[in-house]
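User: Could you take a close look at one part of this model for me? I'd like a connected walk through a single helix and whatever sits against it.

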Amino acid sequence: MGTAEGREAPSERVAERPAATRGQREPDRDIPVRGHVGGPAEEERQPGYRPLWIEEPAKRHPLPDPVRTAAVRAVLIMAVTLIQAMVAFLCTMAGSWPAFPMVISSVVSTVVATWAAVDVWVTRQVWNQRNGVVSEPSSTARALRRERRARRRRERAALREQERIRRRGGAGQLSHP
């Protein structure tokens, strides 16, 4: 018997248990109780509760969207390439007529998969340079940040000037609407 009851000692069979404990079950330590919210106060009240997993903060930041998109595309292309290579191999071993076209398409697909892997690397480098992750003198992100700050400074100055004109009661305007 592979059940827990079959592994119990012979002196403690189901029929021999007291009637009070027959209907009761021990709580499963890995499955939370239904309706359990999971707050620390409730965990203290339920000594048998242990969560299935504990979320920990990520050690690294997630990939930026363009890099993630390129990586997913590369993985899909590589998966198709591996499937094509396997089909080409099996067709070649079987002596089937699609063997030659599959070998040619596998070679082309290998070139495309290599291009996709390089695309992930280039996309990551471009994103890092544009968004200031790389702190090097050659980084264009520093110039972009400087331009952004200057533009915001000009916009704030224009808003302050407009507010100053409104406070003076419109003096300095050429015409009133």
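Analyst: Let's fix one cut-off before starting: a residue is called exposed when its relative accessible area is over 50%, and buried when that value is under 20%. Keep in mind too that this is a predicted model.

The part I'd pick is helix α4, which spans residues 65-94. In the protein chain, confidence is highest in α4, at a mean of 95, and lowest in helix α1 (residues 4-7), at 50. For the chain as a whole, pLDDT averages 78, and 64% of the residues score at least 70.

Start with Met93, which has its place in helix α4. Its relative accessible area is 58%, so Met93 is exposed, that value being over 50%. Met93 also belongs to a nonpolar surface patch, together with Met86, Phe89 and Leu90. Taken together, those four residues offer about 440 Å² of accessible area.

Now for Cys91, which is also found in helix α4. Cys91 has a relative accessibility of 13%, so it counts as buried, the cut-off being under 20%. What touches Cys91, once its neighbours within four places in sequence are set aside? The contacts are Ser96, Pro98 and Ala99. There's a distance worth noting as well: Cys91 and Pro101 are 10 residues apart in sequence, and their C-alpha atoms lie 10.0 Å apart in space.

Gln84 is another residue of helix α4. Leaving out neighbours within four places in sequence, Gln84 is in contact with Met102, Ser105, Ser106 and Ser109. With Ser109 there's a polar contact, side chain to side chain, at 3.0 Å.

To put the helix in its setting, the protein chain has 6 helices and 0 strands, so along the sequence the pattern reads α-α-α-α-α-α, with helices numbered from the N terminus. The protein chain has 177 residues, and 13% of them count as buried; Cys91 is one of the buried residues. The protein chain exposes about 15,200 Å², with carbon and sulfur atoms supplying 61% of that area. As for contacts with a separation of 6 or more, 32% of them in the protein chain join residues 24 or more positions apart.

Back on helix α4, then, here's the picture: Met93 is exposed and part of the nonpolar patch, Cys91 is buried, and Gln84 makes a side-chain polar contact with Ser109.

Note on methods
Residues numbered from 1 in each chain as written. Predicted model: local features only at pLDDT ≥ 70, side-chain atom pairs only at ≥ 80, totals over all residues. Heavy atoms only, no water. Patch = residues over 30% accessible without salt bridge, like charges linked within 9 Å, V, L, I, M, F, W, Y side chains within 5 Å. Areas by Shrake-Rupley, 256 points an atom, 1.4 Å probe, with all protein chains shown as cover. Salt bridge = Lys/Arg side-chain N within 4 Å of Asp/Glu carboxyl O. Helix = DSSP H or I, 4+ residues; strand = E, 2+ residues; numbered from the N terminus. Buried < 20%, exposed > 50% of the residue type's maximum accessible area, 1.4 Å probe, protein only. Contact = heavy atoms within 4.5 Å. Polar contact = N/O pair within 3.5 Å; in protein donor to acceptor, adjacent residues only side chain to side chain. pLDDT = per-residue confidence, 0-100.
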